[in-house]
Amino acid sequence: MKKTGYIFIIFICLLFFSPALSHTKTYIDIDSPSFRRFPIAITYFKNLGGKDNKGDMSKEIFEVLTQDLEVSGLFTIMDTSLFIESPVNSESGNDNKINFGDWSIIGVEALVKGSFRFDNGNLEIEAKLYDVFHGRFLVGKRYVGERQDLRKMIHRFCNEILLSFTGEKGVFDTKIAFVSDESGYKEIYVIDFDGHNMIKITNHKSIALSPAWSPDGKMIAFTSYKNGNPDLYVKDIIVNKEDRISHYEGLNIAPAWFPDGRKLAVTLSLEGNPEIYVLDKDGKRLKRLTNDWGIDVSPTWSPDGKEIAFVSDRSGNPDIYVMNSQGEDVKRLTFQTKYSASPKWSPKGDKIAFSSLAEGHFDIYTMNPDGTDVRRLTSNSGDNEYPSWSPNGRFLTFTSARGGNKRIYIMRADGSGQRQIGAFKGNQLNPCWSPRLQ
Amino acid sequence: MVKRLSVYLLVFGLIVSFSLFLNACSKKALREGIEKKEEAAKAEEKVKEELKGEPKEETKVSQPLKSEETDKAATEAQLREEELKKQREREEAARKEEAAIKEDAAKREAAVREEFENTDIHFDFDKFSLTNQAREILAKKVSWLQGHTDLKIKIEGHCDERGSNEYNMALGERRSNSAMQYLVTAGVEAARVSTISYGEEKPLDPGHDEDAWAKNRRAHFKIE
């Protein structure tokens, strides 16, 4: 992994002590049925010195801010042409200089301003958020790093913006692991949630599948045919060390980390039939959980670790089932179609996302963990498969073949805001959203 | 009188000494002749030996030899050489014929092997049960395997692209197991058959329609 990938924002400091105590007030209640988008204005950040070729950095800051706040679905981003104050080169800095009346008159309720300086390879960005309606400063951050850290700095500031308005940090600095066949082989890659900064994780020149982030975000478990058989590997992406943890005869597939990161639920077929087992992180076999004639694959833990949802064809077709962590109390959850697969338990435990075949196409659905309240999130857009939750449960990543090849998409948990991320060659599959990363 | 006698004596003396001289000369000539003959014989023997050992050096050695006997030896060596060459050619032809027969057999065998490896059995969507057609193909494979008891095979289970790839890995394993079960039940030693599932990861046809999918839902056979 490139050291630049995890850069060094040398320090992130709260510039100003905020008397507004923004965290105590929730401006946007995301879960309220009467929720409405918050009108926000994003200004171009002022260049305080140093090189900025053709205003590239200024533009990129603006684009990342706009993209992240749009993806959140919480804001209406005001068109800069409506600004009374010129958006470019507008003054930043002294709060007293902001004429909040200029902003409220065009319907803006929040304002993002800032500045940057790029000197001797060092990039310094200062960003501030204001509550226009109440005419006050909400939050300000100063970030120091290198040029390539620009996007990450702005992603982090957008996390702060969300924290201010909703009481919950954004997930704009998280990543997505996935499989791509663009090299002619199936390898694991990692990208930022917005498709930037692609890093190749495996170079097995074989078939690598099913990446699964460890809960601490430091490791990725996956299946690979590197040694001829589908075996399980765990790669520590911080120190770049890879171990083959399970290579029993037959299948060693579908890893799912237990919430404490010390063990994994997997599918093995060493006893002749694909069953779900629990292995510790070093591959020691601990316990067999399923015991029936059918296929049992794709386990996913409830966030409290007490239950596992999985796919079984024990009643003839693949359906989603749930059992407790000892393999008991097995219940079938899906009945509506002839093919349901790829369950993923939401981080808050309130939903299970899955894909299901109806009218000749696979689509993404969510349901409650008891199988009720089934909601279809995608439709009329080719095959949509492999859902995976963002760490705050507000978004899902998935693959869609709506444009021909299978590509990585993200959407909000209600199915709105579907957008392709990145533009890669070949086909992509098995996207897995990272936990929050340090 | 005395003068005449002394002349006679002188003449006699001269005759005797001359004859003695002639005698000596002829003896020396004889000795030289014998020595020459012996040398020639030795040289001939050496040539013969060398001819036996290294026929390639024939010309080099025979050049300095001028005698009739060495010419004869050289001719004989040449004759022998030609005979050897003919024999070699005869053997070569025989070998070629044999090889051609073998190659023919190998080609036929390779064709059968190829047919064995390239005739897949196919499955319905999300199924791993054997169709009647699959059973017919497997019956042929059984008889071939029984005629080649030294060979081991690997059965690959494959799926079409629809559905989850993890489920398809398991389904592919089921498919390869179905085929193996048939072979073993029909009498093929289980130790000769291994299986692997590639799920949907190695499609035969990259298309996205039922034609491609039908081709891709298969068990493939490989001779190891």
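# How do we know? Sheets, bridges and an interface

Q: What makes β23-β24-β25-β26 of chain A an open sheet in this predicted model?
A: The 4 strands follow one another in the order β23-β24-β25-β26, with antiparallel pairing. The strands at the edges are β23 and β26 (375–376) of chain A, and each of them pairs on one side only.

Q: How do you know that β23(A) and β24 of chain A are paired?
A: Pairing calls for at least two bridges between the strands. β23(A) and β24 (residues 352–358) have 4 bridges, so they count as a pair, here in the antiparallel sense. Across this pair, Ala341(A) stands opposite Ser355(A) in β24(A).

Q: Which strands make up the open sheet that has β11 in it, and why is one side of β11 left without a neighbour?
A: That sheet has 4 strands of chain A in the order β11-β12-β13-β14, paired antiparallel. β11 and β14 (241–246) stand at the edges with a single partner strand each, so one side of each has no neighbour in the sheet. From one strand to the next, the twist averages 25°.

Q: What makes β12 and β13 of chain A a pair?
A: Let's use the rule of at least two bridges again. Residues 219–224 (β12) and residues 231–236 (β13) are joined over 6 bridges, so the rule is met. Met219(A), for one, stands opposite Asp236(A) in β13(A).

Q: Why is the contact between Glu109(A) and Arg36(A) called a salt bridge?
A: The cut-off is 4 Å between a side-chain nitrogen of Lys or Arg and a carboxyl oxygen of Asp or Glu. Here the N to O distance is 3.1 Å, so the pair qualifies. Glu109(A) lies in the loop between α2 (100–104) and β5 (110–119), and Arg36(A) in the loop between β1 (12–14) and β2 (38–42), 73 residues apart. Over all chains, the count comes to 38 salt bridges.

Q: How do you know that a salt bridge joins chain A and chain B?
A: The closest N and O atoms of Lys186(A) and Glu201(B) are 2.7 Å apart, which is within 4 Å, so this is a salt bridge. The count between the two chains is 1. There are also 12 residue pairs in polar contact between them, counting pairs with both residues at pLDDT 80 or more.

Q: Which strands of chain A help to form the side that touches chain B?
A: β11 (208–213), β15 (252–257), β19 (296–301), β23 (340–345), β27 (384–389) and β31 (428–433) each supply at least two residues. The residues of that side divide into 19 nonpolar, 14 polar and 4 charged.

Q: How many residues of each chain are in contact, and what area is buried?
A: 37 residues of chain A are in contact with 23 residues of chain B. The buried area is about 2300 Å², with 54% given by carbon and sulfur atoms. In chain A, Tyr225(A), Ile295(A) and Tyr339(A) lose the most area to chain B, together 22% of what that side buries.

Note on methods:
Residues are numbered from 1 along each chain as its sequence is written. Chains are lettered from A and ligands numbered from 1 in the order in which they are written. This is a predicted model: local features need pLDDT of at least 70, side-chain atom pairs count only at pLDDT 80 or more; totals for chains, interfaces and linings use all residues. Side-chain values use heavy atoms; hydrogens and water are left out. Contact means heavy atoms within 4.5 Å. Buried area is the accessible area (1.4 Å probe) that two parts lose on being put together, summed over both. A polar contact is a pair of N or O atoms within 3.5 Å; within protein, one must be able to donate a hydrogen and the other to accept it, and residues adjacent in sequence count only if both atoms are side-chain atoms. Ala, Val, Leu, Ile, Met, Phe, Trp, Tyr, Cys and Pro count as nonpolar, Asp, Glu, Lys and Arg as charged, and the others, Gly among them, as polar. Axes are lines fitted to C-alpha atoms, for helices over the stretch in contact, and angles run from 0 to 180 degrees between N-to-C directions.
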